[in-house]
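Open the model in your viewer and keep the selection box at hand. We will go from one stop to the next, and at each one I will tell you what to pick.

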Amino acid sequence: MSGDICLLCPRKCGVDRSVKRGYCSVGDAVRLGRAALHFWEEPILAGKRGSGAVFFSGCSLKCVYCQNFSLSGGEGIDISTERLADIFKELEDQGADNIDLVTGSHFIPEIAKALRIYKPRVPVVFNCGGYELTEALKMLEGLVDIYMPDFKYSDNALAARYSSAPDYPEIAAKAVEEMKRQVGETCVAEDGLMKRGLLVRHLVLPGAVANSKKVLDILVSLIDKEKDYISLMSQYIPFGRAKEFAEINRRLKPLEYKAVVAHAEKLGFKNAFIQMSDSAEEEYIPDFNGQGVLTKEEK
Ligand code: SF4
């Protein structure tokens, strides 16, 4: 993208990323924090072998409660798109059930290029924040098998307060619509793993049950509640700058989570992952130490 201005995501910074970083904190080279097998995604995605998770540096959302602040702030190792394609192959050779592209929305053109160099035989999962423009997602058409977006907010004021993105609800709704258009009907194979489709995640925030319920109201109109999957996450921990926001500087109360789960049941979602609240442990956060990013020769 050298010489071009970046308008890839809703931030539309208009910077030339070959000389300056945008809101997402990265330049025009693909930058990763880690590429390794990962065993903590929902069981429909990965069995015993794990996901081949590629953790991209930078983020266009930068939520105040981010649990990966160093990574979202841009720490990582620069690689070429050819190396990214090799990483997909290496993870597949390690036995990954899928290639799980984590928070790579600000590298969509480079990801599309790498997937054209090497399209893995296992499903490619685009695991993202839900803050993507339809035009950007179209670049991934035919290359991504499973979309796994977050749908964080239905409340514009909360989206502004915690992610500086007051337009998040409208952008996320359009993004999910485009993802659904691309993947069609969700398909789960006999081995119990999703081969194609949509899984939408929602992290329930403290003091924001109404936001969560309305997210579900929006989702029920966008996705197939009989076939597509949702995951209601209860593991909120006040990371990052959350201590500056008194109302979210605590864990989620079981009653708050139960109210959201009850609403999902009332709406009739057939495929919903529900979490036990005691699964909120820091050990689920991988070490972004550059594992798997460089070749042996480059280290
Ligand atoms: S991808 Fe990054 S530089 Fe481009 S518009 Fe979004 S935040 Fe700005």
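## Start in a loop

Select D224, which is found in the loop between α7 (209-222) and β9 (229-233). Helices here are DSSP runs of H or I with at least four residues, strands are E runs of at least two, and both are numbered from the N terminus. This is a predicted model, in which local features need pLDDT of at least 70 and side-chain atom pairs count only at pLDDT 80 or more, while totals for chains, interfaces and linings use all residues. Residue numbers start from 1 along each chain as its sequence is written.

Is D224 buried or exposed? It is partly exposed, because 17 other C-beta atoms lie within 10 Å. The cut-offs are 20 or more other C-beta atoms within 10 Å for buried, 12 or fewer for exposed, and partly exposed in between, with C-beta atoms placed from the backbone. Now add F269 to the selection: D224 and F269 are 45 residues apart in sequence, yet 8.5 Å apart in space, C-alpha to C-alpha.

## Two positive phi angles

Most residues other than glycine have a negative phi. Pick K62 and check its backbone: phi is near 55°, a positive value in a residue other than glycine. K62 belongs to the loop between β2 (51-56) and α1 (69-72), and it counts as buried because it has 21 C-beta neighbours inside 10 Å.

Next, go to S164, where phi is near 50°, again positive in a residue other than glycine. S164 sits in the loop between α5 (156-163) and α6. With 14 other C-beta atoms within 10 Å, S164 is partly exposed.

## Strand β1 and its partners

Colour residues 30-38, strand β1, where 8 of the 9 residues are buried. β1 pairs with β2 in the antiparallel sense over 6 bridges; two strands pair if DSSP finds at least two bridges between them. Zoom in on L37 to see G52 of β2 opposite. β1 also pairs with strand β3 (residues 77-79), antiparallel over 3 bridges. There, R31 has D78 as its bridge partner.

## Across the parallel strands

Move to strand β5 (residues 124-128), where 5 of 5 residues are buried. In a regular strand the side chains alternate between the two faces of the sheet. Select V124, F126 and C128 for one side of β5, then V125 and N127 for the other: all are buried, and both faces are covered.

What lies beside F126? On the β4 side, its bridge partner is L101. Strand β4 (residues 98-102) and β5 run parallel, with 4 bridges. Show helix α3 (residues 108-117) as well, since β4, α3 and β5 make a right-handed β-α-β unit. Right-handed means that, with the strands pointing away from the viewer, the path from the first strand over the helix to the second runs clockwise.

On the β6 side, F126 has Y147 as its bridge partner, and 4 bridges join β5 to β6 in a parallel arrangement. Y147 in turn stands opposite L198 in β8. Strand β8 (residues 194-203) pairs with β6 in the parallel sense over 2 bridges.

## Stop at I146

I146 lies in β6 (residues 146-149). Both faces of β6 are covered: I146 and M148 are buried on one side, Y147 and P149 on the other. I146 counts as buried because it has 26 C-beta neighbours inside 10 Å. Select its contacts (C-beta atoms, placed from the backbone, within 7 Å): leaving aside neighbours within four places in sequence, they are P123, V125, V183, M194, R196, G197 and L199. Measure to K195 too: the C-alpha atoms of I146 and K195 are separated by 7.2 Å, although the residues are 49 apart along the chain.

## The core and the ligand

Select L32, V54, I99, L101, V125, F126 and V200, which touch the most other members of the 80-residue largest nonpolar core. Helix α6 (residues 168-183) gives the most to this core, with 5 residues. Such a core is a set of buried Ala, Val, Leu, Ile, Met, Phe, Trp, Tyr and Cys residues joined through C-beta atoms within 7 Å.

Finish at the ligand. Of the 14 residues around it, C6, C9, C13, G22 and C24 come nearest; a residue is near if its C-beta atom, placed from the backbone, lies within 6 Å of the molecule.

Terms used. Contact = placed C-beta atoms within 7 Å.
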